[in-house]
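Work through the exercises below with the sequence and the structure side by side. Each task is followed by a solution that proceeds in steps.

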Amino acid sequence: MCTISIRVDYTSTSPISTAQAICKHTTLQTTNTYSITPPASPQDVLMLPLITIAGTYELKIRLVNQEGLTIESAPTTFLIGDCGGNRPPVANAGPNLTVTANNPVILNGAASSDPDGNGLTYLWSFAPGQQVIQGASIVSPNAVTTEVTGLSTNATFRLTVSDINYASDYDDVLVTVSQLQTTPAHITGLTITPTSLSAQTSQVTITAATLNPSGVGNLKYEFDMNGSKVPSFVNSKTYYRSQLSTNNTVKVRLIAADGNNFATNIVPLSFYLPSTNTGGGGGGSFMAGTPVRMADGTLSDIETIQAGDSLKGSKGSVTVTNVITYESEARKYRLNNSDYFVTETHPIMTTEGWKSFNPEKTREIVPSIEVNLLRQGDVLVKENGELVVLDNEDFITVTCQVYNFAVDGTHDFYANGYLVHNKLIEQLSPNTSLE
C-alpha cells in the first residue's frame, strides 16, 4: 500500500470548509472521489487514502469555502509502483478477428497470473458504448475462452479479469463481420428420359440440372407441361403419355430461398412424342447417315448433330434448338439417285411449295403448314438454287432409328442436298412466314 501526501497552493477570501480528491486510474478507467481534511492554510499538507493498486493516476483537488465557492485544480498525473499491496492481473482479449456473418466466433482470452497469488475470475461482455447485437449471444461469459453465436455485424467485446481482492484489468477485442455473398441457385438445363422416344413410349421423365455454388437451401421446382403447372420439391417429374401431346413444351421454374436470397428462372424444353396411331408410320424424320449441311459448308451425319450446332438454312445460318430420335416403322423414301433416307410425312421444298409422300398424315401432325402430295415429275429445290425433277417414288418399309431436330430462323435446313422443313418439333403458327 502507498501513502500519498500533497500540498495545494490556493487563494480564498474565506476558510475552506470541505475538500475532495478525485483520483482516476488511467488504465482501468476507474475513478474514486475521497473526502479529505480541508487545509487550514495553503501550506498545509493533505493526505490521500491508502492506494493499493499500482498504475498511473490522474488527480484533481476540489475545494469549497465557507461562502460556497467551489474551485477545482487542473489534473495532475502521478505513478504508483509496487507499494506492497494488492496488484491486478493483466488481461488479454486476444487479437482482432474477422469472421463471416452468422458463423460462430471464438474469443480466446488470457491473463497473467495474479502477482499476489490470488485466484482469477473472468467476465466477457460487450464493450462500453457497444450496442448489444440482436440475436448475438456470449455462450460462456465467465470462461477465459468463449463462443459468440448469431453475430451479424461488427462488435467490440471486453474481457475483464479480477482477483479475489477485486483488483482487475480489462482488454478489448474487435470482431469484424464480413457479409456472406450468396450466388443464387439457377437451372442450367433440362434432360428427358428416355432420350429415344418412340410410339411405344409410355412415360417420360424431365430432370432439371441445377447449379448451386452457395449451397442455397429449400430448393423448390415448378414444372409447367404444355401450360399445366405442377409444383414439386425435387428436380425431376415423370409424365405419362395420357398427359402429353405430339408436340410438348415443358418449362421448369426454380424458386430458391435462403435468408434474404431469392432466385428464380425458367428453362424451356421442347420435344416430339410419336403418335401411337401411325399405322406403322411414325413421324417425319431421317435415317442415320443422312448428310446435313453445316453453316460452315461442311457435311455431318444427322445422328451427330447436337443442340447449339449451326446449320445452313434457306436464308442463312440457323441454330439447332432441340434434337430427337425415335424408332420408326414408316416407309423410307429416296429422291432420284439418293439412298433411302426420309420418312413419308416429312415436308420437302418444291417449286410449288412444301410437299410430302403422305400429305394427309403430315397435315394431321402439323396442321399449321400447307403440304401437298409429292409425286414423280415435281421440281425439287436443292442447295445453291439448283432445281431437279423427281424421277421416282421408290420406298422401302423398314423399322429403324430416325432423327430430327428443331432449328430457329427459317425453320428449314438441307438434308441429303434437299431443302427440308423442321416440322414436328417447333410448329409454325398460321401467320408465320417462311420467307
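**Exercise 1. How many aromatic pairs does a search of the whole structure find, and how are the rings of Phe286 and Phe341 arranged?**

Begin with the rule: rings of Phe, Tyr and Trp (for Trp, its six-membered ring) pair if their centres lie within 6.5 Å, and planes under 30 degrees apart count as stacked, over 60 as edge-to-face and the rest as tilted. Searching the whole structure with this rule gives seven aromatic pairs. One of them joins Phe286 and Phe341, whose ring centres are 6.1 Å apart with 10 degrees between the planes, an arrangement that counts as stacked. Next, place the two rings: Phe286 belongs to strand 24 (residues 286-287), while Phe341 lies in the loop between strand 29 (331-333) and strand 30 (342-343), so this pair ties together parts 55 residues apart in sequence. Strands (E, at least two residues) and helices (H or I, at least four) are DSSP runs, numbered from the N terminus.

Before going further, note that this is a predicted model, in which local features need pLDDT of at least 70 and side-chain atom pairs count only at pLDDT 80 or more, whereas totals for chains, interfaces and linings use all residues. Residues are numbered from 1 along each chain as its sequence is written, and side-chain values use heavy atoms, with hydrogens and water left out.

**Exercise 2. Are Phe286, Phe341 and Phe413 buried or exposed, and what kind of pair do Phe286 and Phe413 form?**

Apply the cut-offs first: buried means under 20% relative accessible area, exposed over 50% and partly exposed in between, with a 1.4 Å probe and protein chains only. Phe286 has 0% relative accessibility and therefore counts as buried, and Phe341, at 3%, is buried as well. The pair of Phe286 and Phe413 is edge-to-face, with 6.1 Å from centre to centre and 70 degrees between the planes. This pair links distant parts of the chain, since Phe286 is in strand 24 and Phe413 in strand 38, 127 residues apart. Phe413 is itself buried, at a relative accessible area of 0%. As a last step, assemble the rings: Phe286, Phe341, Phe405 and Phe413 form one aromatic cluster.

**Exercise 3. Which residues touch the most other members of the largest nonpolar core, and which strands supply at least two residues each?**

A nonpolar core is a set of buried Ala, Val, Leu, Ile, Met, Phe, Trp, Tyr and Cys residues joined through side-chain atoms within 4.5 Å. The largest such core has 25 residues, and the members that touch the most others are Phe286, Leu311, Leu335, Leu380, Phe405 and Phe413. At least two residues of this core come from each of strand 28 (316-328), strand 37 (400-407), strand 38 (412-415) and strand 39 (418-421). Strand 37 gives the largest share, three residues. Another core lies apart from this one; it has 21 residues, among them Val204, Val216, Leu244 and Leu273.

**Exercise 4. How is strand 38 covered, and how does strand 38 join strand 39?**

Take the faces first: Asp412 and Tyr414 on one side and Phe413 and Ala415 on the other are all buried, which leaves both faces of strand 38 covered. Turning to the pairing, where two strands pair if DSSP finds at least two bridges between them, strand 38 and strand 39 run antiparallel and are joined by four bridges. Within this pairing, Tyr414 has Leu419 of strand 39 as its bridge partner. The hairpin of these strands has two residues between the strands, and Asn416 takes a positive phi near 60 degrees there.

**Exercise 5. What is the order of the open sheet formed by three strands, and which strands stand at its edges?**

The order is 10-14-13, with antiparallel pairing. Strand 10 (105-108) and strand 13 (137-138) stand at the edges, each with a single partner strand, so one side of each is left without a neighbour in the sheet. Strand 13 is joined to strand 14 (residues 145-149) by two bridges, and the partner of Ser137 in strand 14 is Thr149.

**Exercise 6. Where is Leu46 placed, and with which residues is Leu46 in contact?**

Leu46 is found in strand 4 (residues 45-47) and, at 3% relative accessibility, counts as buried. Contact means heavy atoms within 4.5 Å; leaving aside neighbours within four places in sequence, Leu46 is in contact with Ile4, Ser5, Ile6, Val8, Ile36, Thr37 and Pro39.
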